[in-house]
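Open the model in a viewer and set the display to cartoon with side chains available on demand. The stops below are meant to be selected one after another.

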Amino acid sequence: MRVVCMVPSWTETLIACGVNVVGRTRYCIHPAEQVADIAVVGGTKDVQWDKVSALAPDLVIFDKEENTREMADSCPYPYFATHVESVQDMPSALRLLAQQLNNQALIELAARFQWLLNHPVAIEPDALPLLAHKDAAANSVLTDERPWLYLIWRKPYMSVGRHTFIYSVFAHLGLGHKLLAFESNYPELSLEDIAALNPILLCSTEPYPFAKQLTTTQQELQQPAVLIDGEPLCWYGIHCLRYLESIAVDW
């Protein structure tokens with residue numbers, strides 16, 4: 001089957017499972033060598049159907065969280081939309097994709113995720129995918145009693161809610177109690193809001209490139225910050241799976 005995938009996490013996963021991905025978004029950057037030869041047909045919130053047409057796809061892959069309903073409604077080709085909100089959703093989502101694509105490798109990934117869910121681990125904070133940065137606070141700050149605020153955006157500052165995939169990863173690792181989790185999925189927070197929370201900042205590398213603004217962020221918010229690799233925590237599918245498996249082996 002010729003597949004156009006509008007979900008970066010799924011693009012990486014499908015390629016790893018041998019699926020013939022012929023179209024992708026500009027945010028589908030993994031695996032770098034393979035995606036370099038795959039046509040870009042838009043972003044996660046927009047799609048150029050004229051470019052898709054030239055690829056003659058058998059199926060288009062969406063996700064209800066990642067893409068818009070308008071993209072699916074305007075799709076002139078057969079499509080399948082997943083709905084991934086947590087680590088717990090992964091086995092069923094992978095099995096559904098496997099059915100659509102008649103792909104045994106996706107079923108095997110589902111089994112690996114199910115094993116992880118059946119064998120949760122409780123890790124120490126330094127097992128998180130923390131990254132070195134010259135101006136970051138020492139990793140030991142994460143053992144402080146202050147709560148953690150996971151930041152995904154700046155101007156405005158945005159965090160994550162308890163119903164997001166990111167929060168579910170922290171919960172799976174036994175660290176959900178440390179993370180400030182809001183009712184809305186991606187709340188905007190003012191400087192005053194953050195000051196009142198008095199948190200330790202977990203500044204993610206994506207979708208906002210906090211590595212370039214970590215010093216400014218700490219100065220602006222007057223809170224200690226560490227830099228964390230956001231990809232293992234929000235790229236569901238094989239990217240997150242590999243990280244969680246590495247943790248399971250280590251612990």
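The tour goes from the sheet to the nonpolar cores and ends at a histidine.

This is a predicted model, in which local features need pLDDT of at least 70 and side-chain atom pairs count only at pLDDT 80 or more, while totals for chains, interfaces and linings use all residues. Residues are numbered from 1 along each chain as its sequence is written, and side-chain values use heavy atoms, with hydrogens and water left out.

**Stop 1: the sheet**

Colour the strands. An open sheet of five strands runs in the order β3-β2-β1-β4-β5, with parallel pairing. Its edge strands, each paired on one side only, are β3 (39–40) and β5 (79–82). Strands are DSSP runs of E with at least two residues, helices are runs of H or I with at least four, and both are numbered from the N terminus. Two strands pair if DSSP finds at least two bridges between them.

Select residues 2–5, strand β1, and residues 20–24, strand β2: they pair in the parallel sense over three bridges. Here V3 is opposite V21 of β2. Between the two strands the chain passes through helix α1 (residues 8–16), in a right-handed β-α-β crossover. Right-handed means that, with the strands pointing away from the viewer, the path from the first strand over the helix to the second runs clockwise.

Next, select β4 (residues 59–63), which pairs with β1 in the parallel sense over three bridges. V60 in β4 is the bridge partner of V4. β4 and β5 are joined by four bridges, also in the parallel sense, and I61 has F80 in β5 as its bridge partner.

Add helix α5 (residues 90–101), which packs on the sheet and touches β1, β4 and β5; its direction makes about 170° with that of β5. Axes are lines fitted to C-alpha atoms, for helices over the stretch in contact, and angles run from 0 to 180 degrees between N-to-C directions.

**Stop 2: the cores**

Show W10, L128, Y150 and F170, the residues with the most contacts inside the largest nonpolar core, which has 62 residues. Such a core is a set of buried Ala, Val, Leu, Ile, Met, Phe, Trp, Tyr and Cys residues joined through side-chain atoms within 4.5 Å. A second, separate core of 15 residues includes L151, L180, L189 and C203.

**Stop 3: H239**

Select H239, in helix α11 (residues 238–250). Is H239 buried or exposed? H239 counts as buried because its relative accessibility is 17%, and buried means under 20% relative accessible area, exposed over 50%, partly exposed in between (1.4 Å probe, protein chains only). Leaving aside neighbours within four places in sequence, H239 is in contact with E12, H30, E231 and P232, where contact means heavy atoms within 4.5 Å.
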